[in-house]
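The following exercises invite the reader to work through a protein model step by step. Each task is followed by its solution.

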Amino acid sequence: MTIVESCESQTSTTPNFPMGWYSVERSHQLAIGEVKPIKSFDRELVLYRTRSGKPAVHDAFCPHLGAHLGHEGRVIGETIRCPFHGWQFNADDGKCSHIPYCEDIPERAQLRTWHTEEKNGEIYVWFHPENTAPEWGLPDLPELGDPNWTTPRYTEHLVPAHVQDICENSCDPVHFQYVHKQQSVPQSEVTIDADGRTMHLHSEMTEAVYPGHLHATTYSPGFAMVRTTYGPGAEMIMYNSAQPIDRHQTFMRWTLIVRKEIEDFAGDDVMKGIIDGLSDDYPIWANKVHKRRPVFCKGDETLVTFRKWVRQFYLTSQDKKEIA
Ligand code: FES
Ligand SMILES: [Fe+2]
């Protein structure tokens, strides 16, 4: 008897989350003493900034009776205080440091604490399924704050897709013709650095309104920098960082800067063009499934390179099977 595989659904085929750094907020949107509930990696988390200015992220639910620390939790010095019975937890290790009505602090009174780093105007957490220490650092983005470049423009989008599928899009030159209505497939090449982790896409955008060379550097599935060069001194950079909310939704934070020389014609219009481009992708992303084993043809070389590259960000053999 032949056993027929059950039909694919969006939930049954989508992989877990790849390890790496992910943005959870922009720096200027978290004041000292501010506490926010956030959702990432299908988990409820709490984000806050201590009195000394350090951002901290923990699992949200208090180990005592389960109150959500992101709702009415309060920063007290370098700790966060639970709104329900006043237990306080250290920002750096999540250990309970004070119970207002008891001297003995239970051993297990501790919140899971996420490795947090603030850089390039954003607050990032390190995601690893086993909560181990970061295996690499965040890249420097020296053009941010450089006087030859404009001050950043920001845009944010909730995208109905898994973080890996959004990333895969950048290694998919063929969809530029069909989804983004370019007349032909841009000539593209994907390369990977000796570290095995940093991936580059080079694309000749000969048919864009302003033709140029596009160079996308992907540091991990949630973080990329796209540099477009139109000529000497005429450059624009889009930093693109992701916050996976769950397996089907990803919050994207984009930061655009351009060289001052071209600021008059590559500002708001360019940002609008990029946002319009994203809306072309939406209907595909919102309705597609994640194919564990896509049928590739010989012309899909860059996609095959992407799928081999992305495996390193998953740990379990089940996940590796799912994305292979
Ligand atoms: S639930 Fe947090 S202190 Fe009781
Ligand atoms: Fe696209």
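**Exercise 1.** In which sense do strand 2 and strand 3 pair, and over how many bridges?

*Solution.* The model under study is a predicted one. Step one is to locate the two elements: strand 2 spans residues 35-40, and strand 3 covers residues 43-49. Step two is to read their pairing, which is antiparallel and runs over six bridges. Step three is to pick out one position: Val-35 stands opposite Tyr-48 in strand 3. Step four is to place the pair in its sheet, an open one of four strands in the order 2-3-4-9 with antiparallel pairing. The edges of this sheet are strand 2 and strand 9 (113-114), each of which pairs on one side only.

**Exercise 2.** Determine into which domains the protein chain is divided, and describe the side of domain 1 that touches domain 2.

*Solution.* First, the division gives domain 1 (17-127) and domain 2 (153-323). Second, their C-alpha centres are 32 Å apart. Third, 16 residues from domain 1 and 21 residues from domain 2 take part in the contact. Fourth, on the side of domain 1 that touches domain 2, strand 1 (20-26) and strand 2 (35-40) each supply at least two residues. Strand 1 provides the largest share of that side, six residues. Finally, the residues on this side of domain 1 comprise seven nonpolar, five polar and four charged ones.

**Exercise 3.** Identify which residues of the largest nonpolar core touch the most other members.

*Solution.* Begin with the size of the core, which has 54 residues. Those touching the most other members are Tyr-22, Val-24, Val-46, Val-57, Ile-80, Tyr-124 and Val-125. Next, consider the origin of the core: domain 1 and domain 2 each contribute at least three residues. Then examine Val-125 on its own. With neighbours within four places in sequence left aside, Val-125 is in contact with Tyr-22, Val-24, Val-57, Trp-114, His-115 and Thr-116.

**Exercise 4.** Why is the protein chain described as being as compact as a globular protein of its length?

*Solution.* Start with the inventory: the chain has six helices and 18 strands. Its radius of gyration is 22 Å, close to the 20 Å that the globule rule gives for 324 residues, so the chain is as compact as a globular protein of that length. Along the principal axes, the C-alpha atoms fill a box of roughly 70 × 70 × 35 Å. As a last step, consider burial: 31% of the 324 residues count as buried.

Definitions and conventions
Residues are numbered from 1 along each chain as its sequence is written. Chains are lettered from A and ligands numbered from 1 in the order in which they are written. This is a predicted model: local features need pLDDT of at least 70, side-chain atom pairs count only at pLDDT 80 or more; totals for chains, interfaces and linings use all residues. A nonpolar core is a set of buried Ala, Val, Leu, Ile, Met, Phe, Trp, Tyr and Cys residues joined through C-beta atoms within 7 Å. A residue is buried if 20 or more other C-beta atoms lie within 10 Å of its own, exposed if 12 or fewer, and partly exposed in between; C-beta atoms are placed from the backbone. Domain bounds come from an automatic or database domain assignment. Two residues are in contact if their C-beta atoms, placed from the backbone, lie within 7 Å. Ala, Val, Leu, Ile, Met, Phe, Trp, Tyr, Cys and Pro count as nonpolar, Asp, Glu, Lys and Arg as charged, and the others, Gly among them, as polar. Two strands pair if DSSP finds at least two bridges between them. The radius of gyration is taken over C-alpha atoms; the globule rule is 2.2 Å times the number of residues to the power 0.38.
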